[in-house]
Amino acid sequence: MTLKAQYKTKQRAELTAYLISRIGQHVTVADMCRYFEEKGKPIGVTTIYRQLDKMVSQGLVNKYVLDNNSSACYEYVAGDEVMDKIRSCYHCKCEKCGKLIHLQCEEIEGLINHIEGSHSFKIDYRRTVFYGLCENCRDSE
C-alpha cells in the first residue's frame, strides 16, 4: 500500500512540474499524455484526470471548457505572482481551427473596469472568450 501512495505522489509531482513549466499556457490532457509518453514516463489518462480534478478543487489549476466541441484546457494558477499575471487574461478562440489564444490587453482591462464600475457587473476572466478567426485562418480565406 505504501508503494502505491508513493507512486501517486510521484505522478502528482511530475504533473505539477509539467504544469508549472507551462505557466501562462493552456494544455489539454492529450498534451500532457503526449509529453509524458515522449519523456518515457507515461501517466494514465484516468490518473491525470483524477489529479487535475483534485488540483482544480484545491485552486491550483483552472479548468477552461469553451464549448462542447473542444477538449477542456487546464492552466496552473497557484501562487500570487501567477494569479497577478493571469488575473487580466481573457481568451480568443478561432471558430475555424479551434486555436485558443491568451489575450492580455490593457484596453480590454479598461473595458472590464468600465463594465464593473458603471454597470455593476463583474466579468469572470476565466470564462470570457472572444470568438472569431485567427490570423492563419483569415489569411487562408
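From the N terminus on, the elements of this predicted chain follow the order α-α-α-β-β-α-β-β-α-β-α, which adds up to six helices and five strands. Helices here are DSSP runs of H or I with at least four residues, and strands are E runs of at least two, numbered from the N terminus. Residues are numbered from 1 along each chain as its sequence is written. In this predicted model, local features need pLDDT of at least 70 and side-chain atom pairs count only at pLDDT 80 or more, while totals for chains, interfaces and linings use all residues; side-chain values use heavy atoms, leaving out hydrogens and water.

Now to the chain as a whole. Of its 141 residues, 33% count as buried, meaning under 20% relative accessible area (exposed is over 50%, partly exposed in between; 1.4 Å probe, protein chains only). The chain exposes about 9200 Å², and carbon and sulfur atoms supply 50% of that area (Shrake-Rupley method, 1.4 Å probe; for residues, only the protein chains shown count as cover). Taking contacts (heavy atoms within 4.5 Å) between residues at least 6 apart in sequence, 53% join residues at least 24 apart.

Let's look at the core. The largest nonpolar core (buried Ala, Val, Leu, Ile, Met, Phe, Trp, Tyr and Cys residues joined through side-chain atoms within 4.5 Å) has 17 residues, and those touching the most other members are Leu15, Leu19, Met32, Ile48, Leu52, Val61 and Tyr74. Two or more residues each come from α1 (2–20), α2 (29–38), α3 (45–57) and β2 (73–76), with α2 giving the most, four residues. Beyond its neighbours within four places in sequence, Met32 is in contact with Leu15, Tyr18, Leu19, Val27, Ile48, Leu52 and Tyr74.

His26 sits in the loop between α1 and α2. Its side chain makes a polar contact with the side chain of His91 at 3.0 Å (N or O atoms within 3.5 Å; within protein, one must be able to donate a hydrogen and the other to accept it, and residues adjacent in sequence count only if both atoms are side-chain atoms). Leaving aside neighbours within four places in sequence, the contacts of His26 include Cys73, Tyr74 and His102.

Here are three buried residues side by side.

| Residue | Relative accessibility |
|---|---|
| Cys73 | 10% |
| Cys94 | 3% |
| His26 | 15% |

Finally, the cysteines: the whole structure has zero disulfides (cysteine sulfur pairs within 2.5 Å). Cys94 is unbonded because its closest cysteine sulfur, in Cys137, is 3.6 Å away, too far for a bond.
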